[in-house]
Every structure is written in structure tokens, then in C-alpha cells.
Amino acid sequence: MENIQHRFGAYIKIHWKTIIFLVFVLITIGLADQFVNSYIRRLLNLCAIYTIISLGMNLVNGFTGQFSLGQAGFMAVGAYTVAIFTVPIEARATIFYLAPMTPLLANIQLPFIVALLLGGFVSAGFAFLIGGPCLRLRGDYLAIATLGFSEIIRIVFTNTQTITNGALGIKSIPTITSLWWSYGIALIIIILMILLINSSYGRAFKSIREDEIAAEAMGVGLFKTKMTSFMIGAFFTGIGGGLFAALLGTVDPKQFYFTLTYNFLLIIVLGGMGSISGTVIASFIVTLGQEWLRFLDEPMAFGLDLPIFRPGLRMVVFSALLMVIVLFYRKGIMGTNELTWDFIGKKIKTIKSKFNRKKPSAQGGDSK
Amino acid sequence: MKKTLALLLSLTLVITMVAGCSGNSAATTNSDVIKIGVFEPLTGANAAGGELEVDGIKLANQLRPEVLGKKVELVVADNKSDKAEATTAAARLIEKDKVVTLLGSWGSSLSIAAGDVVKTNKVPAVALSATNPQVTAGNDYYFRVCFLDPFQGTVMANYASKNLNAKKVAIVQEVSNDYSVGLAKFFTDAFVKLTGDPNAIVATGNYNTGDQDFNGILTNIKAANPDVIFAPGNYTESALIIKQARALGITAPFIGGDTWETNEFITVGGADVEGAVMSTFFDDTNPLTEAGKTFVAEYKKAYPDRQNIPAVTALGYDGYMLTLDAIERAGSADPQAIRDALATTKDFEGATGMITIDANGDAQKNGAIIKVVKDGKFTYLDTVTIQ
Amino acid sequence: MVIGMTLETFLQQLINGLSIGSLYALIAIGYTMVYGILRLINFAHGDIFMMAAYFTYFGIAVFFLPWYVTFFITIVLTILLGVGIERFAYRPLRNAPKTSLLISAIGVSFLLENLATYLFSGKPQAFPNFPLMTTPINFGGLTIQPVSILIPIVTFFIMVGLLFLINHTKVGMAMRAVAVDYDTAKLMGIKINGVISSTFAIGSGLAAVGAILWCMKYPSVLPLMGVVVGLKCFIAAVIGGIGNVKGAVLGGLILGFSETLMVAFFPALTGYRDAVAFVILIIILLFLPNGILGKKQVEKV
Amino acid sequence: MSLLKTENVVMQFGGVTAVNDLNIDIKKGELAALIGPNGAGKTTAFNVITGVYAPTKGKVLFSPVDSLGVANEIDITAKKPNKITNLGIARTFQNIRLFKELTVFENVLVATHQNVNFNFLSATLRLPKAVKGEIKAKQDCELLLDRMGLIDFKDEKASSLSYGKQRHLEIARALATDPQLLLLDEPAAGMNPQETDELTDLILRLKTDFGLTIFMIEHHMDLVMEISDHIYVLDFGCTIARGTPDHIQNNPKVIEAYLGVDADVED
């Protein structure tokens with residue numbers, strides 16, 4: 001411990017509890033990977049992937065204060081990159097049965113991890129291209145422009161038959177994504193986020209969120225800094241998209257309809273714009289909650305037949321939730337706070353002081 | 001006051017959540033019940049189609065609620081016409097509800113999405129109206145009771161050139177719909193082959209799901225002046241396309257695929273879709289088999305108010321009956337055994353005709369029904385068989 | 001590939017562009033007015049339009065009310081809906097950060113879509129037919145539905161009326177005042193809430209009119225019909241210069257024409273049609289950040 | 001020799017001319033003040049100098065002294081604000097613009113971001129270079145906070161500070177950019193007499209200890225007259241007078257300009 005503390009001394013102190021917590025997480029993943037059924041595993045994978053993507057979104061929207069709605073588009077870019085470069089070459093003929101894949105790509109196959117990273121980079125590249133025009137715009141214009149971009153991406157992917165196989169999409173993508181992959185990468189990205197946010201660049205991001213004019217007057221280059229954040233966010237999202245593709249094993253343009261972005265919006269709003277731990281918690285709540293609420297779509301909920309329980313109710317509740325949060329709990333679960341050990345400590349103290357009989361238990365948290 | 005309201009809202013939410021999960025967890029595996037999973041789009045773009053198939057499945061279930069002396073329980077899951085949902089829905093049915101086999105889904109891409117799940121879990125699935133070759137290709141656990149797009153495309157091409165003796169055809173395809181572009185492609189190939197004229201397709205118009213204004217592409221097509229217009233795609237857009245075409249003074253007949261056969265197609269299209277011709281799987285006016293007759297009778301009993309029986313409902317019926325037949329032949333509710341039984345299906349008498357499953361897991365059907373919209377009804381026109 | 005096109009075809013395409021463009025314009029006005037006053041992209045506007053379509057559908061096809069009654073009720077209900085949304089989803093957040101307001105708008109839109117899907121099912125409903133409006137008439141080689149002529153006319157008169165309202169009436173003056181400087185207007189004793197409500201009322205009312213005309217031309221009603229239309233119309237408003245009624249109409253027409261003409265001249269690219277709007281948007285924002293008729297606003301430091 | 005010059009700067013918004021033909025010349029090491037009634041265009045002038053607005057006409061010239069002690073004149077007209085800050089002009093704002101959600105320490109640290117010599121990757125991965133840079137920045141800033149008497153509030157949110165302290169923090173933040181010229185926009189606005197006195201001392205200390213050149217907008221006439229070496233008087237965008245405090249005090253034009261607006265003089 002000592003030497004770690006010493007090396008990062010000027011930065012973050014890695015709390016011994018954090019190490020224990022991480023070990024605990026790894027063990028849990030290991031156990032889950034062994035003993036949990038594929039349905040639960042699929043859900044847990046989704047949680048991790050949504051965490052990654054939401055973190056990417058929160059970096060831009062929450063920490064840098066730029067309201068971007070391009071997630072679905074960046075996700076699509078990452079997903080398609082992985083799909084195109086990992087589909088077994090022999091399978092391609094049958095998949096691209098309307099129009100053969102362009103010879104440029106037809107015979108290139110990359111190892112998963114390479115394709116995944118490539119997806120991240122390509123996605124960041126797109127961020128660079130659209131950031132040019134968009135990041136100079138006033139906030140709400142950025143929202144509509146990024147949303148427009150994600151629609152354009154979808155439409156382009158629908159029409160470029162020989163690269164993306166158009167509407168048919170690409171199937172039989174090797175389903176490599178496992179709990180180890182998704183959670184491994186999620187953890188890495190969480191840690192990177194924490195380190196980034198607590199660096200000089202992270203402070204620059206936050207300063208822009210707080211007050212663009214003051215930030216600029218303090219020598220922070222707005223465009224360059226926004227672009228950095230935007231591209232990193234897109235990179236994360238691209239990675240998430242890649243994992244998503246390798247989880248489903250099939251992609252097509254319809255999946256990346258821009259309403260998909262609203263999922264991640266709900267997550268970051270619920271978790272707290274500008275909170276990493278909040279995002280992580282919210283990703284789990286929303287992903288599992290959505291699955292949980294399924295019973296609302298089933299006529300025979302609670303055994304008794306209620307006419308109100310029929311397909312569609314779940315999404316109504318889901319979107320009503322977003323409204324409730326933004327109207328009444330604008331700061332979300334964490335606000336801009338982080339679930340650090342002393343944060344938990346404080347909370348526990350307050351709870352204890354409230355009723356010293358009950359014995360609360362602390363769980364979860366980031367290294368910070 | 002706000003706060004309290006908010007608290008109340010969230011409280012109810014939490015309660016429902018808890019109640020819900022408890023309700024779900026109550027669904028335990030019961031030995032004297034055989035569970036069959038149905039995953040269909042009950043909301044979203046494909047909702048109408050999904051419901052029609054579920055009708056058929058439910059009807060069949062009422063007719064034959066037991067197999068191997070055990071009660072058959074249907075577990076229906078909505079896949080929201082969305083791929084990610086489709087995979088989770090399938091996984092949920094298999095892992096959580098412990099179904100032994102699956103039925104569905106309307107919309108090939110949704111079935112394809114679920115393909116990997118059924119494959120990895122080694123649980124068989126029967127697609128009902130998913131006509132895309134990709135559904136069963138390279139997947140030993142996916143079967144289907146309907147014919148394939150290449151066949152359907154050929155059928156319509158034949159109909160266009162032989163019955164309507166068309167020389168020039170225009171195509172309007174829903175570029176964001178795999179079914180539509182696939183069918184358009186197969187039609188084109190077949191039609192070009194038949195006419196021997198590489199330029200037989202004089203115009204192509206693309207649109208996206210949800211579009212409502214087609215005047216642009218239709219004006220182009222009008223200029224190209226085709227004999228026939230082939231417009232496979234969702235019933236909603238197709239109906240609008242035909243309406244707008246007529247409004248633009250296009251008189252060429254419209255022909256399409258099985259997806260047209262929904263009541264919405266007629267309600268939306270109104271008088272303008274009169275004479276629209278489509279290929280489909282089943283004709284309720286003269287069923288090919290005994291099973292077909294019983295199905296029609298039962299359907300009329302169950303839904304006296306409906307004037308015509310959609311083919312996909314018949315396919316839903318067949319899918320269920322075929323599955324139960326397979327379970328019976330397998331003599332057990334073990335997924336693997338059911339799968340093997342399904343794979344070796346021979347001359348099973350379905351409502352839509354005799355079903356024999358081939359090596360790909362597809363139903364060998366060499367006959368398609370041609371129907372036309374007449375007086376606001378889908379009426380039998382012809383049966384096209386291709387060897 | 002560009003197909004050689006006859007004059008008729010070209011004119012036909014122009015008419016197509018004019019009528020769809022005018023519809024865009026009608027709905028774009030709603031966006032532009034709300035934005036002008038609240039500086040808010042009212043994401044829910046497209047869905048208000050959708051709800052209006054359903055109101056009309058139920059009025060005529062389900063409750064068999066005469067069309068004029070239905071139209072009246074539709075417009076009233078839609079206005080109530082719009083004003084209600086402002087009251088309950090936007091007003092509480094008026095002093096909150098901009099993003100919260102935007103998120104709330106997205107939330108409302110998402111809620112309306114899901115609610116419609118839940119209540120009216122994802123299936124399309126057939127909008128009643130108005131033979132008088134839809135039976136095509138021929139001009140030489142041109143075939144035109146009366147409604148296609150009606151739409152631009154209605155749009156034009158509404159625009160004129162609106163401009164009069166804004167420039168020559170008390171409430172219009174108040175609107176302009178609020179649009180220029182919210183706080184000062186408040187200090188001047190203008191009833192902000194009243195002004196904002198009336199803005200939403202007008203915007204929603206126009207959405208209702210737009211919906212009725214839209215459905216006469218494209219007679220199917222769907223829960224998600226408002227999404228793409230909404231986006232395009234907001235873009236139209238931005239192109240023309242947001243906050244400016246004439247701009248909204250101009251933008252709507254530009255969008256309508258460029259879409260149909262793209263289809264007309266590049267049939268091969270018809271699949272990209274929906275991307276056109278967004279491409280135009282990004283180009284406009286690059287070269288004319290304030291739109292064609294928009295004024296440049298400077299940030300106060 | 002002069003550090004900042006503006007040559008016939010004109011700033012118009014639509015038809016309104018906020019600043020008309022502004023010519024100022026601030027010598028290195030002096031403390032200049034810009035006074036004038038409300039709406040005279042003082043803040044606009046600052047915004048032109050700091051690049052927030054691009055002037056309609058005219059030039060802004062800045063002659064910072066480089067590491068070798070050589071001054072070379074740079075045309076900073078319409079340069080981006082952050083570029084101008086990099087060159088050595090820092091400012092505070094009339095209506096305090098702190099990063100409210102950030103801690104006092106973070107507020108100051110942001111100002112050091114402009115001279116990071118490592119990219120975001122090495123910052124994220126904590127490469128030695130970045131760690132060194134960060135440690136240095138933090139030491140400097142702690143020192144600064146100490147000198148500004150804010151060290152005790154280091155980890156509090158900026159928004160939780162008292163009004164006076166917030167003004168101090170804004171100055172500290174500006175200093176953290178390591179400027180040669182410091183622009184203060186009404187630093188004493190809304191301060192009680194005692195706070196104002198503290199501020200007076202502070203400004204003087206900045207001038208002597210940091211060897212800063214200071215250019216400030218201020219309504220507190222006694223403060224202005226007490227500490228400034230040179231005063232510019234603006235009215236309706238035009239420079240109506242310039243010179244030493246006593247010269248200004250007896251200038252009829254100035255008195256006229258201030259007639260009826262005593263409120264400003266007093267507040």
C-alpha cells in the first residue's frame with residue numbers, strides 16, 4: 001500500500017478498502033461466470049456495456065456540459081466495425097447474399113480485441129469529423145446536430161449494401177463478449193475515467209461545464225478541450241457498441257434508432273450528470289429495472305387479470321420515470337458527488353445518528 | 001407537495017417492481033406442465049403481425065391443450081420489434097421460464113437475432129412466417145413452417161410476367177427492411193430471367209420504415225411508365241404508397257408479398273388497394289387439407305366478427321401443432337429430443353398444407369396462394385406451384 | 001443516375017415539394033415560436049402533432065362526429081395538451097439549468113410516444129377519407145389532389161395572420177418583448193406565464209391544423225408518426241432562422257423542395273432522403289449559424 | 001514603456017456604438033483605472049481587450065516581456081480569449097464568474113491548465129511527466145492560496161464562500177494564470193468599507209509583490225483616487241479625459257459627466 005500511496009501521492013490515494021472491493025468484484029464475476037444462467041449473464045453483460053456507453057455520454061454531457069445526443073450513432077459505428085472485421089470469412093458469402101461484400105474488406109478478419117479497439121478509434125474519428133462543425137454551436141443546437149448525425153449514420157449504414165449489408169444487417173458475429181470481457185473493460189474504463197476526471201484535463205472539462213466564458217478567460221481552449229472530451233466519450237461508446245455487437249451476435253441499422261440514446265440519457269440523469277459512480281449504479285438500476293418491469297407487459301400480473309397490464313405499459317412507466325426524476329430529483333442519485341469511502345462514511349454517520357439501533361452496511365464504491 | 005407526489009410515484013413504482021419480481025420468481029418449473037415459449041412483437045413496428053400469429057397459436061392451444069398427458073402452457077414475451085429485446089426475450093423464456101421450445105417471431109430479423117440464443121442453449125425454435133433464408137441457414141435449431149423469399153419472389157415474378165404479361169416492372173422497396181429488399185432482389189432476378197431482358201426493371205424507389213410521403217419516388221415511377229409495380233414491404237407504408245400512386249394517376253397494378261395480408265392494409269388503403277395482388281401461405285376459402293378445414297371452422301367460432309383469416313394466423317396454428325406433434329414423436333419434453341423430432345418431420349398435415357422439414361430446417365412447400373383485394377376482402381385468385 | 005425528365009414530371013415534383021414543404025412549415029412555426037421565447041427545443045412538438053392526428057381520428061372514425069366539430073375539438077384538445085405540457089413539464093424547471101429543461105422535453109416526447117403505443121397500439125389507424133380533398137384532378141399531364149393545393153394556401157394565410165398577431169397586437173408585442181429580453185420584460189410587468197402559455201397554445205394549435213391536413217394527404221395514424229416529422233420541422237425552423245416565423249415557413253419550403261428534388265434528380269439516392277434534412281442542417285449551421293433570416297445574438301458578459 | 005495599447009478601438013453592436021475611438025496606453029508596472037458612469041462602455045472595453053468581442057475597428061497591442069526580459073509587441077486584436085490569457089493578460093468579472101461547483105483549489109488549478117506540457121493520455125495514465133507537472137501546479141496554487149489568505153477554504157465549494165472571499169478567489173484564479181497585466185472589473189463592487197480596505201491593500205500588494213501591471217474598472221472614487229497612477233474616463237464610449245488622479249478630479253468634463261449620477265460615485 002505504502003509505495004502505491006507514495007507514487008500517486010500527489011493524486012488519488014488508493015484506499016485499501018478499494019483494493020478489497022476490486023478483488024471482491026473480480027471474484028463475483030468469476031462466480032457469476034460459472035454458476036449463473038445465460039439469461040442472467042446476458043443481463044449482467046448488458047449492465048456492463050450500458051455502463052461503458054453511459055460513462056462515455058456522461059463525460060461529454062455531465063462533466064463537460066455539452067448536450068450531445070449522438071450515442072446511438074457512435075455505438076453503431078463501434079458495433080459495425082466489430083461486426084465487419086470479426087465475422088468469419090467463410091460465412092460472409094451467405095450473409096452478404098444480396099450483394100457481395102466489397103473486396104476491400106471481404107478478406108480481412110481481425111482478432112476481437114483489435115476490432116474492438118478499432119471500433120473505438122473509428123468512432124472517435126467520426127466524433128472528430130462532426131465535432132468540427134457541431135462543437136462550435138450553442139448547446140441545444142449541438143443536441144439536435146449530434147442527433148442528426150446518429151440518424152445519418154443509421155441511414156448510411158442502411159444504404160451501403162456492400163459494406164454493412166444494408167437492412168439485412170450482419171449475423172453470426174462470434175459472440176465473444178463474456179462477463180470477463182464486459183466487466184474487465186468496464187472496470188478499466190471506470191478507472192480511466194476516474195484518473196482522467198481527477199487530472200488537469202478533467203478540471204478543464206468541468207470548468208467548461210461551469211462557465212465557458214470564465215474557463216476561456218482562464219486560458220482553457222474551449223474548442224480543443226470540448227473536442228478532447230467528445231472524442232474520448234465517442235471512443236468509450238464505440239467500445240461499448242463493439243461489445244454489444246459481440247454479445248448479440250447480430251447487428252442491423254434498426255437497432256441504432258436514435259431513441260436508443262434515451263436509454264443512456266435516462267441512466268446519466270438518474271445517476272447524476274457528472275458522477276461516475278452514479279452512472280455505474282444507474283446503469284444497473286435501469287437495465288435490470290427495464291427487465292424487471294416486464295411483468296407490466298404481461299396480462300396476468302399478480303395472478304389477477306388487470307386490463308391495464310398489457311404490452312407497452314412497461315415503456316410508459318419507464319418514460320414516466322425519466323420525467324419524475326428530471327422534475328423532482330433533478331440531481332439524480334449522486335448529483336456531482338462520487339461514492340467514495342469517506343462519502344459512504346459520512347452517510348453512515350448520518351444514518352447512525354438518526355437511529356443508532358439499526359446497523360447499516362456499506363457496499364459499492366470507486367477508488368478515489 | 002411536489003416532493004410528496006414524487007415520493008408517492010416512486011413508491012408505487014418500487015412496490016410494483018417488488019410485486020412484479022415476486023410474481024415472476026413464482027413462475028417455477030412444474031413437472032406436469034410443458035412450457036412453450038412464444039416470442040413475438042406485440043408492440044412497435046411489427047405489432048400487428050405479431051398479434052395475428054399469437055391468435056393462431058392460442059387457438060391451436062385451446063384446441064390441443066395437452067401432450068404426453070401434460071398440460072401445455074404458453075409463455076408469451078414481447079420483443080418490441082427490437083433485436084436486443086428479441087435476444088433477451090428468447091434467453092429469458094429459455095432460462096427463466098424454462099420453456100422446452102420456442103415459436104416465432106414475425107419479422108425475419110427478429111428471428112435471426114434470437115437464432116444464436118436458441119443455438120447456444122440447444123433449444124429448438126419454429127419460425128412461423130419468417131421467410132428470410134438467413135433464419136434457418138447455418139442453425140440446426142431453427143425450423144420454419146412457411147416458404148422462403150426466393151420462392152415467393154419467383155412466384156410473384158412468374159405471376160407478373162405470365163398472368164399479367166408485364167414486360168417492364170418498377171420496384172418500390174423499403175430499404176430499411178431486410179424482408180423487403182430481400183424479396184425485391186429475388187423478384188428482380190427471377191423476373192429478369194423470365195423476360196430475358198436485363199432492363200426489365202425500369203425504375204426503383206427506396207423508402208425508409210415510417211415514411212409517409214412517397215410522391216417523389218412515385219412521380220419518377222410514373223415517368224418510367226411500368227406495366228406492373230412490385231412493392232414488397234410493411235402493410236402500412238405499402239397501403240399509403242398505393243393510395244398516393246392512384247392519386248398521382250398511376251394505373252399500373254400493384255403486386256406484393258405476404259406481409260400485405262393484414263386488415264390494416266385494407267382499412268388504410270381503402271378503395272385504392274382494390275385489385276392489389278399478393279402471394280401468401282393460406283387460403284381460408286378452400287383449405288388444402290383437413291387440418292385446414294378444422295382450423296377455419298375453429299377460427300370462425302373463436303372470432304365470428306372477423307371476415308377473413310390471415311395466413312400468418314394459420315401459420316401460427318401450424319407452428320404450434322407441428323411442435324406438439326414433434327413432442328409426441330419425441331416422447332419427451334427434452335429440447336434436444338424435440339429438435340431431432342422436428343428435424344425429421346415428414347408429411348405433417350398442417351392447415352397451410354403438408355409440411356416436410358428439409359435439411360436446412362425449412363418446410364418444403366412448392367405452392368403459394370395468390371390473393372387479390374376484392375370488395376375490401378382478400379380473395380383467392382390462384383395457386384402457383386413451382387418445381 | 002439521373003433520368004431525363006419531362007416538364008410534367010418536374011412540375012409534378014415541384015407541386016409535391018410545395019405541399020410537403022408547406023406542411024413542414026406549418027409545424028415548424030410551433031418550434032420557432034417556442035424557441036424564440038423559451039430558447040428551448042420543444043422535443044414534444046412532433047408528438048403533440050401525433051396526438052392531434054389521433055384526436056381527429058377518434059372524433060370522426062370512432063365517435064362519428066361531423067368533421068367540423070371534430071376539427072374544432074381536435075384543435076382545442078391539442079392546445080390544452082400543449083399548454084398543459086408547458087405548465088407541468090417546463091414551468092417547474094424554468095429556473096433550472098438548460099439541460100434539465102431539454103431533458104424534460106425529451107422525456108415528455110418519449111412519454112407521449114409510449115403512451116400512444118400503449119393506448120392506441122402500434123398498429124396504424126386508417127384516417128377517414130375526405131373525397132372532396134383527395135380525389136385527384138387533372139391539369140394536362142399533372143394530377144393533383146385538392147388538398148395539395150389547400151395546404152400551401154392555409155399555410156400562407158396562417159403565416160400572414162400570425163405576423164399580424166405578432167406585430168400589431170398587444171399579446172404579440174408582449175411575445176416579442178419576452179423573446180428579446182426575458183427578465184426586462186418581467187420587470188416591465190408583462191405576465192410571462194400568460195405570454196408563454198399563449199405561445200404554446202398557438203404552436204399546438206398550428207400543430208393540430210398541420211396534423212389534420214397531413215392526415216388528409218397521408219391517411220394513416222401511428223404513435224411514432226411525429227418523430228421524424230418533428231425533427232425535420234425543427235430543422236426547417238433552424239434553417240430559416242429560429243425564432244422567426246417567416247424563417248420557419250421559408251425553411252419548411254426549402255426542406256420540402258430539396259427533399260423531393262433530390263428524389264427527382266437522383267432516384268438512386270432515394271434511400272438517403274431522410275438524411276437530407278440533417279445534412280442541410282449541418283451545412284446551414286456551419287455557414288449561417290443563425291439561419292437564413294435569423295439575427296445574430298451576442299452573449300452578455 | 002507601454003505594456004498595453006489600444007489604437008482607435010471602436011465597438012458597435014448593431015447600430016449602438018458601445019466604445020468609440022478608444023486610445024489607452026498602459027505603462028509597465030503602473031496601476032491604471034478606467035472610470036465612467038454606468039453604460040459608458042467600460043466592461044465592453046475590457047471584453048475587447050480580452051478577446052471576448054472582436055472590435056469593429058481599431059487595434060489592441062500587447063507587449064509582454066519574455067523569459068529573456070525582452071518585450072516584443074504583439075497584435076492581439078480579435079485573438080481568442082484563451083490565447084490572450086496565454087500571452088499574459090488575466091481578468092476578473094464584474095458579476096463574479098467562479099466555477100461554482102468546483103472547490104476553491106480546483107478553481108485556481110484550472111487556471112494552470114493552459115501551460116500543461118503533457119497530453120490527456122499521459123495525464124490519465126499518470127506518466128511521470130504529468131505527475132511532475134501536476135505536483136508543481138498544486139504546490140504553486142497552494143502557495144498562491146496561502147498568500148491570498150484562502151488556504152483554509154482550499155477544499156470548500158467556491159459557491160460556499162462569502163461574497164468578499166469570492167472576489168478574492170477570482171483574483172487568485174486570475175493570478176494563477178501567471179499574468180503580466182491584470183484586469184479587474186469592479187473588484188470592490190458590493191463590498192462593505194472594511195472589505196474594501198482589505199481589497200485596497202491587496203491590490204497594492206499585487207502591484208508591489210507580484211510586480212503586476214493592473215488595469216481596473218471601479219466606481220469607488222476614493223479607492224480609485226487613492227491607488228491609481230493613471231486614470232481614463234469613459235462616457236458614452238468616448239474617452240473624455242485621461243491623466244493623474246488630481247488632474248482628473250479637477251477636470252470639468254468629468255465632473256459634468258458625473259453630475260446627476262452621484263449615486264455611482266458614492267456606491
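What share of the 368 residues of chain A counts as buried? Select chain A and look: the answer is 57%. Buried here means that 20 or more other C-beta atoms, placed from the backbone, lie within 10 Å of the residue's own.

This is a predicted model: local features need pLDDT of at least 70, side-chain atom pairs count only at pLDDT 80 or more, and totals for chains, interfaces and linings use all residues. Residues are numbered from 1 along each chain as its sequence is written, and chains are lettered from A, with ligands numbered from 1, in the order in which they are written.

**Stay on chain A.** Colour by secondary structure. You get 17 helices and zero strands (DSSP runs: H or I of at least four residues for helices, E of at least two for strands). Among contacts between residues at least 6 apart in sequence, 80% join residues at least 24 apart. A contact means C-beta atoms, placed from the backbone, within 7 Å.

**Add chain D.** Its contact with chain A takes 31 residues from chain D and 26 residues from chain A. On the chain D side, select α2 (81–87), α3 (104–110), α4 (120–124) and α5 (128–147); each gives two or more residues. The largest share, five residues, comes from α5(D).

**Move to chain B, residues 83–96.** This is α3(B), with 14 residues. Its first and last C-alpha lie 19 Å apart, close to the 20 Å expected at 1.5 Å a residue (times one less than the number of residues). Twelve of the 14 residues are buried, so α3(B) is largely enclosed by the rest of the structure. Among them are B:K83, B:R92 and B:E95.

**Finish at B:K98.** Just after α3(B), B:K98 takes a positive phi of about 55°.

Terms used. Two residues are in contact if their C-beta atoms, placed from the backbone, lie within 7 Å.
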